[in-house]
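Here are a few short exercises on bonds and contacts between side chains. Have the coordinates open and try each one before reading its solution.

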Amino acid sequence: GSHLFIDGEHVVNNGDIHGNKTVGGTIELDAGRHALEATFFERAGGESMKVEWAGPDIPRGTIPASLLSHAALVYRAGDEPFERHEAKAKRGAQLFLDLGCATCHMTGDPAIDGQSPVAATPLAKLAGQRGAGCLSGDRPRIRFDREGDQEAVRGLLGKVGSLGLPLDHETAVAYTLDRMNCYACHQRKDFGGTHPKVAGYFGADEGAELGDEGRIPPHLSQVGAKLTSAWLQEVLLHGGTSRPYMHTRMPQFGADNVGHLVDLFPRADPPAPERKDWDISPDILADGHTLVGKGHLGCVQCHTFGGQRSLGVQAVDLTTMVDRIRYPWFRELMRDPKALNMDTRMPSFWPDGESPSPLLEGDPDQQIEAVWAFLSLGEGMAVPAGIATSATAFELVPAEEPLMAGVFMQDVSPRTLVVGFPERVHYAYDMQNSRVAKLWRGRFFNTKGTWDGRAGQLELPPSDQVLDLPPGPAFARLADIGADWPMAAPRPLGRKLTPERVPVLRYAIGHVTIEERLEPELRFGGSILKRHITVSSDGPVSNLYFRPFAWSSGGDQWSAPEKLEGGALRYGALSPAVELKLDGAATPTAVVGTGVDLRIPVQLVATASGYRASFTVEVSW
């Protein structure tokens, strides 16, 4: 998205998230100099920006550089050579002593170095004093930048005897991180982290495309419970890295400065007890090998393997996982990635305890253990299915059950779930805005532009039979049926799987909960999608409407739908043409304005467990 300002006036608004598009604006300018400001942001990849102009006798094109200028300030030292002034030099030497500079700084002059007439009051005698210096209420020579620091010093002096006692583990960690300025890049708990003003200097390989997760140094909260002592030592003392795609490298401070952190981190963040009785039978290893491969948990879609490229982002290598990570932390990561790191792109594999793989009876605990047993082989692991990329490696083909994948999709959002069925009818669900966005037939999806290095190739369904559903939520509460449809996204509630592994999409508008389940039905001439919808609430709900479709056609093109055998309605005068059959819902009303909206009033009925409405929408296009 981008904006253009001229002399402070907002001339072009090309904001929001979108692919490349041109937006113009007009302003009348007098001859002379004018301030021009272009702003730009990028979110989902494929970034570009170009500013062009046109005017009287000026053809449209890029503004010539010769017509642009910017202000510059140049600072120069005096041109005359420096001459030493003996009287000033003598006075400076005395001030160097009087101000205490010689206590810390060396000049090379033995008559000055290490000498200071400043007699510091012993710490024990400062307790409770509010006299001169840094404890004075006046502006001190030593400035405290953070509020409360001065009082903190006074509080410490009140128990100065404790200075001789060892620090507790967490304080000792914090002391080292502060002394070595680790907080300038890393966050631990609620302190430190990369400042927004310098975050732009942290880069990553273009192919990584992990967002901030792939370029900003990782947080250090619970790092002692996460990393093995061997890997902590490798990182702190030998430059070890598991993120080769990051351009920024951590300095090596040496064993004297940070070596003690190898033992200190696990003391401050006690890890859970490690499991010792691992089953590495051939069957367990085979299950683990299958689970990490394409078509099951699909770890190789993002993680490299023995230096070989993954199908998607080039995330941390699987072959070094057990050397670096403690199993209790790995187990929690697999179960709920966002609970450990809210910025991770790693998906939740077992929503509501349902597994994407039938292996080991779909039990999440057994599957995690099998994956860990397989990863324990390190370089001896067999290459999982899908790691060797080819021209067709990114083609997803549903075989015996529904297939799901997270992708970047053009005109939807960077968080899109595509769901494909063996019946060759599919849909895209906008997870960011909790709405079904597209339906299509034919091939399911080729994820090369999304997974191959995540180079920002926003994908579209590989079909010429795509039905775009209207933007905004599918449900809304309106003052009346013709009111403007709101665009605010519903609150996401995640998804669950049916025994047939069909996703149930869940979201909420206020206290109203909606569940949608889209399933195919084979029919002569091509499959249709049946959209099963359940709406529930704790109390009565009024003025709730469902909008299944909207067209951008002008109102003068509207004509009433054709009634088909079986009760379906065919909207053939609009493009694309749609057949719609409702089971358990009212007949839709067309709201005609700049386009055509179909809106259905939803009546919730009181039941023993609350208020509820259920209906099915059959869609053919």
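## Exercise 1: Cysteines

The sulfur of Cys299 has its closest cysteine sulfur in Cys302, 9.0 Å away, which is too far for a bond. Keep in mind that this is a predicted model.

Task: find how many disulfides there are.

Solution. Start with the cut-off: two cysteine sulfur atoms must lie within 2.5 Å. Applying this rule gives zero disulfides. Cys104 is in none, and its nearest cysteine sulfur, that of Cys101, is 8.8 Å away. Now check the surroundings: Cys104 is exposed, at 64% relative accessible area, whereas Cys299 is buried, at 10%.

## Exercise 2: A bridge between helices

Task: work out which residue forms a salt bridge with Asp365, and where the two residues lie.

Solution. The partner is Arg335, with the closest N and O atoms 2.6 Å apart. Next, place them: Asp365 belongs to helix H13 (residues 364–375) and Arg335 to helix H11 (residues 327–335), so the pair links distant parts of the chain, 30 residues apart. Finally, look at exposure: Asp365 is partly exposed at 34%, and Arg335 is partly exposed at 38%.

## Exercise 3: A bridge between strands

Task: decide whether Arg547 and Asp597 are buried or exposed, and locate them.

Solution. The two form a salt bridge, their closest N and O atoms being 3.1 Å apart. Arg547 sits in strand E20 (residues 544–551) and Asp597 in strand E25 (residues 596–601), so the bridge ties together parts 50 residues apart in sequence. Both residues are buried.

Key: Residues are numbered from 1 along each chain as its sequence is written. This is a predicted model: local features need pLDDT of at least 70, side-chain atom pairs count only at pLDDT 80 or more; totals for chains, interfaces and linings use all residues. Side-chain values use heavy atoms; hydrogens and water are left out. Buried means under 20% relative accessible area, exposed over 50%, partly exposed in between (1.4 Å probe, protein chains only). A salt bridge is a side-chain nitrogen of Lys or Arg within 4 Å of a carboxyl oxygen of Asp or Glu. Helices (H or I, at least four residues) and strands (E, at least two) are DSSP runs, numbered from the N terminus.
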